[in-house]
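The following exercises are to be worked with the sequence and the model at hand. Each task is followed by a solution in steps.

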Amino acid sequence: MPASEPVVATYRDAPGGGVGVGVGLGVGVGVGVGVGVGVGVGVVIGGWRFEFEVEDADRHHLRERATAGREADAHHGPTDVRAIIPGRVVSVAVAVGDGVDAGQRLMSVEAMKMENELRAPRAGTVERIAVAAGQTVELGDTLIVLR
């Protein structure tokens with residue numbers, strides 16, 4: 001394994017109700033951290049930042065059950081793609097009625113002399129395009145609506 005690819009192992013329900021974490025960076029470099037339940041910890045190793053939040057197993061299972069249906073529900077109904085930074089629309093790569101795949105390029109917005117590609121957050125059909133090339137947009141403006 002190359003040294004640039006970190007490996008993180010998390011052990012839930014470690015002795016004492018805590019969690020043990022082992023981080024191996026390859027070439028014999030590694031770190032172990034143990035923390036108690038309800039504690040967050042951050043570790044920086046060789047420029048990589050690892051953040052951990054610990055919760056007991058019962059609370060974890062309850063959280064999973066409470067949010068299980070949200071992912072499936074997120075794909076129904078319209079989804080607004082909004083501006084993540086103020087800027088100027090450089091190009092629009094789709095048209096109303098186009099089918100798009102998750103991750104497909106929708107448009108480019110230039111902000112602070114950098115061009116940012118906006119990609120589809122999910123698969124769907126372009127229902128509405130609210131902006132055109134050359135138009136200035138503000139943070140949070142609706143750019144495209146997917147159904």
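**Exercise 1: A charged network**

Arg105 counts as partly exposed, since its relative accessibility is 25%; buried means under 20% relative accessible area, exposed over 50%, and partly exposed in between (1.4 Å probe, protein chains only). The model is a predicted one, in which local features need pLDDT of at least 70 and side-chain atom pairs count only at pLDDT 80 or more, while totals for chains, interfaces and linings use all residues. Residues are numbered from 1 along each chain as its sequence is written, and side-chain values use heavy atoms, with hydrogens and water left out.

Task: Determine which residues are linked with Arg105 in a network of salt bridges.

Solution.

Step 1. Apply the criterion: a salt bridge is a side-chain nitrogen of Lys or Arg within 4 Å of a carboxyl oxygen of Asp or Glu. Side chains of opposite charge can pair when their charged atoms come close.

Step 2. Begin from Arg105, which forms a salt bridge with Glu117; the closest N and O atoms are 3.3 Å apart. This pair links distant parts of the chain, with Arg105 in strand β9 and Glu117 in strand β10, 12 residues apart. Strands (E, at least two residues) and helices (H or I, at least four) are DSSP runs, numbered from the N terminus.

Step 3. Continue from Glu117, which also forms a salt bridge with Arg119, where the closest N and O atoms are 2.5 Å apart.

Step 4. Join the pairs: Arg105, Glu117 and Arg119 are linked in a network of salt bridges. Glu117 is partly exposed at a relative accessible area of 42%, and Arg119 is partly exposed at 44%.

**Exercise 2: The sheet that holds β9 and β10**

Task: Establish the strand order of the open sheet that contains β9 and β10, and state which strands lie at its edges.

Solution.

Step 1. Use the pairing rule: two strands pair if DSSP finds at least two bridges between them. Strand β9 (residues 105–111) is joined to β10 by 6 bridges, and the two run antiparallel.

Step 2. Check individual partners. Met107 has Leu118 in β10 as its bridge partner, and Glu110 has Glu115 in β10.

Step 3. Inspect the hairpin of β9 and β10, which has 2 residues between the strands; there Met112 takes a positive phi near 55°.

Step 4. Read the whole sheet: 4 strands in the order β10-β9-β7-β12, with antiparallel pairing. The edge strands are β10 (114–119) and β12 (136–137), each of which pairs on one side only.

Step 5. Consider Ser108, found in strand β9. Ser108 counts as buried because its relative accessibility is 0%. Contact means heavy atoms within 4.5 Å; leaving aside neighbours within four places in sequence, Ser108 is in contact with residues including Arg88, Val90, Glu115 and Glu117.

**Exercise 3: The sheet that holds β6 and β13**

Task: For the open sheet that contains β6 and β13, give the strand order and explain why one side of each edge strand is left without a neighbour.

Solution.

Step 1. The sheet has 4 strands in the order β6-β13-β11-β8, and the pairing is antiparallel.

Step 2. β6 (79–82) and β8 (99–100) stand at the edges; each has a single partner strand, so one side of each lacks a neighbour in the sheet.

Step 3. β6 pairs with strand β13 (residues 142–146) over 4 bridges in the antiparallel sense. Arg82 stands opposite Thr142 in β13.

Step 4. The side chains of Arg82 and Asp80 meet in a salt bridge (3.1 Å, N to O). Asp80 is partly exposed, with a relative accessible area of 35%, and Arg82 is partly exposed at 41%.

**Exercise 4: The largest nonpolar core**

Task: Identify the elements that give two or more residues to the largest nonpolar core.

Solution.

Step 1. A nonpolar core is a set of buried Ala, Val, Leu, Ile, Met, Phe, Trp, Tyr and Cys residues joined through side-chain atoms within 4.5 Å.

Step 2. The largest such core has 16 residues, and those with the most contacts inside it include Leu106, Met107, Leu143 and Leu146. The elements that give two or more residues to this core are β9 and β13.

Step 3. Not counting residues up to four places away in sequence, Leu146 touches Val81, Val100 and Val126, among others.
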